[in-house]
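Biologist: I'd like to learn how to read a structure like this one. Could we go through some features together?

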Amino acid sequence: MTTGQLGPFDHRMAVFDSDDGFVAAALPLLGEALGTFGEPPPVAIAAPRNLDLLRDALGTDAKDVTCIPHTDWYTGSAANAVAQAAAYLNAHAGPGGRIQLVMEPVWSGRAGRSARETTEWIRYEALANLLFAPLSTTALCAYDTRTAGPAVIAAARRTHPDTEVYEDPLRLVAELDAVPLPLPPASARPLAEPQAAAVQSWAVGRGLPAADAELFAAAVAETAAALAPLGGAALLWGEAPACVCELRSARRLDDPLAGFVPPAAGPEPGPGLWYARQVCAYVDIRDDAEGATVRLQYA
């Protein structure tokens, strides 16, 4: 038995191409946690098939490992995954956020279905190094070459400090944000005051169900309040479910973590960009000399 000590966030990466490779990558971390006095139960977040492999390999120790199907953990956007992790650590981690996790993203589903989705999940992997830096959490991110392609794995290597090609998260995020946003369509509707009622009415007219339109409108209103003073009219375009609102702020945000840091306890729906990132599939931010552009896409 060993005695665990608090330390900084330990963000690791394992690449495998077989069932045996997954087990070989995951077992040492889980075994370390199981053999450390006072350590919280380790967590395995993976494909159901891989969880079964781990249970078989762990034998009677399997009862002391929390197993979560990765489709139950990665249920939406990258920002949703941040919220899920923050809530879990708050409820189950030891002092200082101490806990060991094996985490297998769903690259065969949402996160891997398009270049746009992949970009957001690589951003999440990079920003995790900043978001969880104060915590003594150990996270082993498991990448299966049978579901995650070479480009995804190459990009992910740049987000994990235990690789030879790791890059500063701020530099990597700046690289992602250097890609210009597509121009709004000529048919985009200007809205001088992005009030929730007006946005909701427009979204319903574009085919969003009433409940979704209400969420989207709240996200727009919360974001507009956070960006004040606005630097011009809002623009609305798209058809359900991909309704889009673009807002201009008269000031730069200059914060790559904007909307990713959980807010302090308070009334819902919660402040600005955090709420928008939880509700919308995409929140794109681009700073320029005159301020910032923030584009929200519901789905």
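Modeller: Sure, let's begin with burial: His 160 has 0% relative accessibility, so it counts as buried (under 20% relative accessible area; exposed is over 50%, partly exposed in between, with a 1.4 Å probe and protein chains only). This is a predicted model, where local features need pLDDT of at least 70, side-chain atom pairs count only at pLDDT 80 or more, and totals for chains, interfaces and linings use all residues. Residues are numbered from 1 along each chain as its sequence is written, and side-chain values use heavy atoms, leaving out hydrogens and water.

Biologist: Where is the place of His 160?

Modeller: Look in the loop between helix 6 (150-157) and helix 7 (169-177). Helices here are DSSP runs of H or I, at least four residues, and strands are runs of E, at least two, numbered from the N terminus. Leaving aside neighbours within four places in sequence, His 160 is in contact with residues including His 11, Glu 125 and Tyr 166 (contact means heavy atoms within 4.5 Å).

Biologist: Which residues of helix 8 are buried?

Modeller: In helix 8 (residues 196-205), they are Val 199, Trp 202 and Ala 203. Down the helix axis they fall within an arc of 100 degrees, so they line one face of helix 8; the arc uses directions from the axis to the C-beta atoms. The face turned away carries the exposed Ala 197, Ser 201 and Gly 205.

Biologist: What do the buried residues of helix 8 pack against?

Modeller: They pack against strand 8 (189-191), helix 9 (210-227), strand 9 (234-237) and strand 10 (244-249). After helix 8 comes Gly 207, with a positive phi near 105 degrees.
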